[in-house]
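Hi there,

Here is the structure I promised to pass along. Have a look at it first, and then read on for what turned up.

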Amino acid sequence: MAAVESLRELAGPRGEGDPGGVLKHSDGPWLRAARGADELVAHLGPVPGELAIAHEGLAHGAGELSALAELAAVRDSWERRIRLARDECGSLAGKLRAVARAQGSTDEAVRASFAPQARHGGEHR
């Protein structure tokens, strides 16, 4: 009995729209997405400081305006949201890179599992 030599054999006869049964993996999309998440972290980095600068001096000379209390609550809310977005993007970047590494490791393990078959001409022993 012959061993399976490719994933195409496992897939059976080609159907319409079948790209040929060849499974290909590339870490490129995962790593591009991770870089995008890193860029968002960097882009959001200076925002809290910019908000602080924009709000400097607002309380002075404003008297008893109740809008200032509301403005402070809105600012706090935005600072919290920005911090959460930065944290999430930073976490996501690491997770995306981990997926790329894991898929690469899996690909290597599968390739290595076929190596003994290839050395023996694909014959099952």
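**Salt bridges and core**

Arg97 and Asp38 form a salt bridge through their side chains, with 2.4 Å from N to O. Because Arg97 belongs to helix 4 and Asp38 to helix 2, this pair ties together parts that lie 59 residues apart in sequence. Both partners are partly exposed: the relative accessible area is 27% for Arg97 and 31% for Asp38.

Please keep in mind that this is a predicted model. Its average pLDDT is 78, and 69% of the residues reach at least 70. Confidence peaks in helix 2, at a mean of 95, and is lowest in helix 1 (residues 7-11), at 51.

Searching the whole structure gives two salt bridges. Besides the pair above, the side chains of Glu79 and Arg75 meet at 2.9 Å, N to O. Glu79 and Arg75 are four residues apart in helix 4, so about one helical turn separates them. Arg75 is partly exposed, at 23% relative accessible area.

Now to the inside. Which residues make up the largest nonpolar core? There are six: Ala34, Ala37, Val41, Cys89, Ala93 and Leu96. Helix 2 (28-44) and helix 4 (67-119) each contribute at least two residues to this core. Ala93 is a nice one to click on: beyond its neighbours within four places in sequence, Ala93 contacts Ala34, Ala37 and Asp38. Asp38 is thus worth a second look, as it is also the salt-bridge partner of Arg97.

Happy browsing, and best wishes!

Definitions and conventions
Residues are numbered from 1 along each chain as its sequence is written. This is a predicted model: local features need pLDDT of at least 70, side-chain atom pairs count only at pLDDT 80 or more; totals for chains, interfaces and linings use all residues. Side-chain values use heavy atoms; hydrogens and water are left out. A nonpolar core is a set of buried Ala, Val, Leu, Ile, Met, Phe, Trp, Tyr and Cys residues joined through side-chain atoms within 4.5 Å. Buried means under 20% relative accessible area, exposed over 50%, partly exposed in between (1.4 Å probe, protein chains only). Contact means heavy atoms within 4.5 Å. pLDDT is the predictor's confidence in each residue, from 0 to 100. A salt bridge is a side-chain nitrogen of Lys or Arg within 4 Å of a carboxyl oxygen of Asp or Glu.
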